[in-house]
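Colleague: I'm new to reading protein models, and I'd love to learn how the labels people use are justified. Could we go through this one together?

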Amino acid sequence: RTVTSEEMARARLPLAYRDKCAGLLIPLNRCRYEEFYMPWKCEDERHSYEKCQYEEFMRRVKKMEELRAAKGG
């Protein structure tokens, strides 16, 4: 789900983390806080967020490759 900038500000997300995956980061941070940051808790939320970040990275790589191919090198 897409999160508005107001929701991100309310969740006090740093600017560097306000991207397409912020909708997954907000519940992950809430879970981490409620579970006292125990590493074996919130694994499903963490996996979803990390998968989103990876897919976003791969999308940017593909876009860069397309731009390089269009430019001719």
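Modeller: Happy to! Let's start with Lys 41: its relative accessibility is 33%, so Lys 41 counts as partly exposed. Keep in mind that this is a predicted model.

Colleague: Why is Lys 41 called partly exposed?

Modeller: Buried means under 20% relative accessible area and exposed means over 50%, with partly exposed in between. The 33% of Lys 41 falls between those cut-offs, so the label is partly exposed.

Colleague: What does the side chain of Lys 41 meet in a salt bridge?

Modeller: The partner is Glu 35, with N to O at 3.9 Å. A salt bridge needs a side-chain nitrogen of Lys or Arg within 4 Å of a carboxyl oxygen of Asp or Glu, so 3.9 Å passes. Glu 35 is partly exposed too, because its relative accessible area is 28%.

Colleague: How many salt bridges does a search of the whole structure find?

Modeller: It finds 4. One of them joins Glu 50 to Arg 46, where the closest N and O atoms are 3.6 Å apart. Set against the limit of 4 Å, that distance qualifies, so we call the pair a salt bridge.

Colleague: Where do Glu 50 and Arg 46 lie?

Modeller: Both are in helix 3, 4 residues apart, which is about one turn of the helix. An α-helix has 3.6 residues a turn, so residues three or four places apart point the same way. As for their surroundings, Glu 50 has 43% relative accessibility and so counts as partly exposed. Arg 46, at 31%, also counts as partly exposed.

Colleague: What makes Glu 56 and Arg 59 a salt bridge?

Modeller: Their closest N and O atoms are 2.6 Å apart, and the definition asks for a distance within 4 Å, so the pair is a salt bridge. Because Glu 56 and Arg 59 are 3 residues apart in helix 3, about one helical turn separates them.

Colleague: Is Glu 56 buried or exposed?

Modeller: Glu 56 is at 11% relative accessibility, and the cut-off for buried is under 20%, so Glu 56 counts as buried. Its partner Arg 59 is partly exposed, with a relative accessible area of 41%.

Colleague: Let's turn to the cysteines. How many disulfides does the structure hold?

Modeller: There are 2 disulfides. In one of them, the sulfur atoms of Cys 21 and Cys 52 are 2.0 Å apart. The pair links distant parts of the chain: Cys 21 sits in the loop between helix 1 and helix 2, while Cys 52 is in helix 3, 31 residues apart. Both cysteines are buried.

Colleague: Why is the disulfide of Cys 21 and Cys 52 called left-handed?

Modeller: The torsion about its S-S bond is about -90 degrees, so the disulfide is left-handed.

Colleague: How do you know that Cys 31 and Cys 42 form a disulfide?

Modeller: Their sulfurs are 1.9 Å apart, and a disulfide is a pair of cysteine sulfur atoms within 2.5 Å, so Cys 31 and Cys 42 qualify. This pair also links distant parts of the chain, with Cys 31 in helix 2 and Cys 42 in the loop between helix 2 and helix 3, 11 residues apart. With -90 degrees about the S-S bond, the link is left-handed.

Colleague: Why does Cys 42 count as buried?

Modeller: Cys 42 has 10% relative accessibility, and under 20% means buried, so the label follows. Cys 42 also has a positive phi, near 60 degrees, in a residue other than glycine.

Colleague: What makes a positive phi worth pointing out?

Modeller: Most residues other than glycine have a negative phi. Arg 12 is not a glycine either, yet its phi is positive, about 60 degrees. Arg 12 is in the loop between helix 1 and helix 2, and its 74% relative accessible area is over the 50% cut-off, so Arg 12 is exposed.

Colleague: One last thing: which residues form a nonpolar patch on the surface?

Modeller: Phe 36, Met 38 and Trp 40 do, with about 390 Å² of accessible area together. Met 38 is in the loop between helix 2 and helix 3. At 34% relative accessibility, Met 38 lies between the 20% and 50% cut-offs, so Met 38 counts as partly exposed.

Conventions. Residues numbered from 1 in each chain as written. Predicted model: local features only at pLDDT ≥ 70, side-chain atom pairs only at ≥ 80, totals over all residues. Heavy atoms only, no water. Patch = residues over 30% accessible without salt bridge, like charges linked within 9 Å, V, L, I, M, F, W, Y side chains within 5 Å. Areas by Shrake-Rupley, 256 points an atom, 1.4 Å probe, with all protein chains shown as cover. Helix = DSSP H or I, 4+ residues; strand = E, 2+ residues; numbered from the N terminus. Buried < 20%, exposed > 50% of the residue type's maximum accessible area, 1.4 Å probe, protein only.
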